[in-house]
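Here are some worked exercises to try with the structure open beside you. Have a go at each task before reading its solution.

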Amino acid sequence: MLHNIKYYTLSCIREKSVIFWLMIWPVILATFFHVTLLSVYDKDIKYNSIDVAVVLKSDNATFKSVMDGVSEGDDALFNTTYADEEKALQMLEDGDVKGVIVSDGEFSLKVKTTGVDQTIIRSFIDRYSVTESVIIENAKKDPTSVAKVSEAFSKELKANDRRDLSDGNMNTYMTYMYNLIAMVCILGTTVGINIASMNEANLSALGIRNCVSPTGKLSKNFAGLISGCLVQSVCSAIAVIYIVFILRDDLGVSTGMAMLTAIVGSWMGVAIGFFCGTIGKFSEGARVGLSIAFSMVLCFLSGLMVGDIKYLLMDKAPWFNNINPAALVCDALYVLNVDGNMDRYITKMLTMVAVTLFFTILGFVMTRRKKYASV
Amino acid sequence: MQVYKVFLKILRSKIGIAIMYIGIFIGIGMASANSSKEQVDFTESKAGIVINDMDNTEASKSLCEYLSESNKVSYGDPSDRDKLDGVYYNPSRYYLTINEGFSDALTKGETEGILTHSAQNGSYYETLVDSKIDLYLTTASAYIAGGSTADEAFASAKKALSKKTDVEMISEQGSEYAETVSPFFQFIPYIFLGVFLFALCPVIIAMTEKEIKNRTFSSAMSPKRFLFQTALGSAVFMVLVFIFVCIFVPIVMCGCKPSREMFLAIINALAFTVVCASLVLLISNLISDEKLVNLVGNIVALGMSFLCGVFVPMQYLGDSVKKIAVFLPAYWYEILNCAIGGTGGQVYSESLFIKCISIQLAFAAAFVLATFAVLKAKENKTGVKAKANA
């Protein structure tokens, strides 16, 4: 058995395509994700002071002091530039500012595109205009109420408490890294198919030689699975180590737990591949091609290529995420990151173990008592 | 035209890859084009607010109505896990709970903690919805302070807040190109690199394999004719893909009328096609194993796409990424494409057009020169071997 494990492992790691697709490719993809996607969270989702240009056509000291007030400090609402209209519009055209506020008795806003930044700018001007108009309206009704009304506007209400749902890393784009780890795990299907075809006489020359050897099929397959899981575990561990220690990305989970999840996911991938390798009479190449295509579809539905797919499925068909192997790995890492309660994580892990056992047993059943009169 | 026919015959076996990439292109392009169409007029960004109204009074209903005017509001009491999933995967999601006693507390001026919310911590959408709620409550409080009753205050606040600041869009709204097919052209580098590298490189490698080449040249076929027919086969394929992707899809499938912008974008795509042709030439001479093409092709296509603003819009790319990207031809394609479409903060000018096209062509020339160097090195190697054998 140990002899078989050793040589199955050696033949596995000598396969160039295994080295590339399971070790080098995830590293390259993780690097691309790191340099381009993860920073989008800070620019697109997390609030940064919005660049605005202000054109004061008429003297409006109150508005200027308000703008100065909201443009100060580390958590400033705006990054304000005062300019004449021509320069301000040029800044807008060049993309240096998101909007131009024009104060000419009344306020107006000039923008180039629509978006949440522009909506916030408009909301801010609305606030200023409303404050002014409500004070004037109340002053007309009851001049003595002006002080109280003004005080109401300047008073901080503290009405809307924030309730944080998680202490984890809330960077949505981190799911791309989770999906990348899931991809490595699911690509283990190719290793699984390789193991099955090495022991089937109708699939490879090696299979023919193995079948005529006196070693029992159960023992050979078992040794193959152990070596496959070993190689696959190393590959997924490399991906996790690269993300955590080289790229220094915060997965939001401890490295040990991330590795545990990735390793269990890898075994699941190998088991699925092992089962796929035992069914039908396709050539090994066709099986590997189909399994890679199938793995990629699973990864796509888990959000590897388009992150929103996951949420869409979560909304429309939540059951699918519970049976999609790629989504199981991705979700396990996600719940470990954001959910303080381990219930969901344990459910995901147990599902992965169940899938692994199910396909392994099914694979053994399929290979049992197979005899080849001629190949 | 024997070589030409064989070339097309081998190419036919790779047509599936080309169809797959073009399918991806049409899918992504359509989705992006549809989302960009919404940006013609100024529309406020809408947060998805889920409200749990535990107070259920006129005041709370009034707040809900106000929020629903400018946001997508739904009602319910989701579990914390559902909220967590919603907030994590959808940053525009905002869960608001109107606590019991909201109306009474607001009337008395005791506003602290009358609402609770959960959202992406410190996000744009949280800031936006927080400010809208705060504005509504402050305005209502001001009316109450001014002597109005609670009901009057809410009605007056709603009326006061219905007046919005005028917004003028100064973008080039007339440009049909920017509204419809600009996103299609953004993805062209990935598609062209994918189609040309994965379909053409294996064919050229197969045609120039040592044994096949020797057999071919031992016949009456001259190297010049062989080269010409191989180049013709590649050119025909590239032209067909180019016409389909850059002319048929935008004009026939998207219904975009030919315009100056589109003409400029087509020239830009043509320059990039030349870059791809030279890259195909280089890679197929550099690599002799078909399997390696898959690996190198993926790295080149995805690498350029990620670093040069094909997948991630230019404005989100970090400065360090841009510093690296300037050494890649797809970056200059994207710069010009953004300028033509008026996106990514790029402004079109003739000098920019000439600069971007020239740089792309310079890259193509560099790849061709590199190919000659590779061929020369191979020749020398063969020569040394032949001398050693002699």
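Two strands pair if DSSP finds at least two bridges between them. Helices (H or I, at least four residues) and strands (E, at least two) are DSSP runs, numbered from the N terminus. This is a predicted model, in which local features need pLDDT of at least 70 and side-chain atom pairs count only at pLDDT 80 or more, while totals for chains, interfaces and linings use all residues. Residues are numbered from 1 along each chain as its sequence is written, and chains are lettered from A and ligands numbered from 1 in the order in which they are written.

**Exercise 1. Trace the open sheet that contains strand 1 of chain B, and find its edge strands.**

Step 1. Follow the order 5(A)-4(B)-3(B)-1(B)-2(B): five strands form this open sheet, and the pairing is mixed.

Step 2. Look at the ends. Strand 5 (160-162) of chain A and strand 2 (72-75) of chain B are the edge strands, each pairing on one side only.

Step 3. Check the twist. Neighbouring strands of this sheet are turned by 25° against each other on average, direction ignored; axes are lines fitted to C-alpha atoms, for helices over the stretch in contact, and angles run from 0 to 180 degrees between N-to-C directions.

Step 4. Zoom in on one pair. Strand 1 (residues 48-53) and strand 2 of chain B run parallel and are joined by four bridges. B:Ile51 is found opposite B:Tyr75 of strand 2 of chain B.

Step 5. Add the helix. Helix 3 (residues 58-70) of chain B lies across strand 1, strand 2 and strand 3 of chain B, at about 170° to strand 1 of chain B.

**Exercise 2. Which strands stand at the edges of the sheet 2(A)-1(A)-3(A)-4(A)-5(B), and why is one side of each left without a neighbour?**

Step 1. This open sheet has five strands in mixed pairing.

Step 2. Strand 2 (78-82) of chain A and strand 5 of chain B each have a single partner strand, so one side of each has no neighbour in the sheet.

Step 3. From one strand to the next, the twist averages 25°.

Step 4. Six bridges pair strand 3 (residues 99-104) with strand 4 of chain A in the antiparallel sense. Opposite A:Val111 of strand 4 of chain A stands A:Gly99, while A:Ser103 stands opposite A:Phe107. The hairpin of these two strands has one residue between them, and A:Gly105 takes a positive phi near 80° there.

Step 5. Cross to the other chain. Strand 4 (residues 106-111) of chain A pairs with strand 5 of chain B in the parallel sense over four bridges. Here A:Lys110 has B:Glu168 as its bridge partner, and A:Leu109 stands opposite B:Val167.

**Exercise 3. How many residues of each chain are in contact with the other, and which helix of chain B gives the most?**

Step 1. Apply the cut-off: two residues are in contact if their C-beta atoms, placed from the backbone, lie within 7 Å. With this, 67 residues of chain B are in contact with 64 residues of chain A.

Step 2. Rank the contributors. Helix 6 of chain B gives the most to the side of chain B that touches chain A, with 16 residues.

Step 3. Sort by type. That side of chain B divides into 31 nonpolar, 25 polar and 11 charged residues. Here Ala, Val, Leu, Ile, Met, Phe, Trp, Tyr, Cys and Pro count as nonpolar, Asp, Glu, Lys and Arg as charged, and the others, Gly among them, as polar.

**Exercise 4. Find the buried residues of helix 4 of chain B and what they pack against.**

Step 1. A residue is buried if 20 or more other C-beta atoms lie within 10 Å of its own, exposed if 12 or fewer, and partly exposed in between, with C-beta atoms placed from the backbone. In helix 4 (residues 80-89) of chain B, the buried residues are B:Leu84, B:Asp85, B:Gly86, B:Val87 and B:Tyr88.

Step 2. These buried residues pack against helix 13 (308-316) and helix 15 (325-338) of chain A, together with strand 3 (93-98) and strand 4 (115-119) of chain B.
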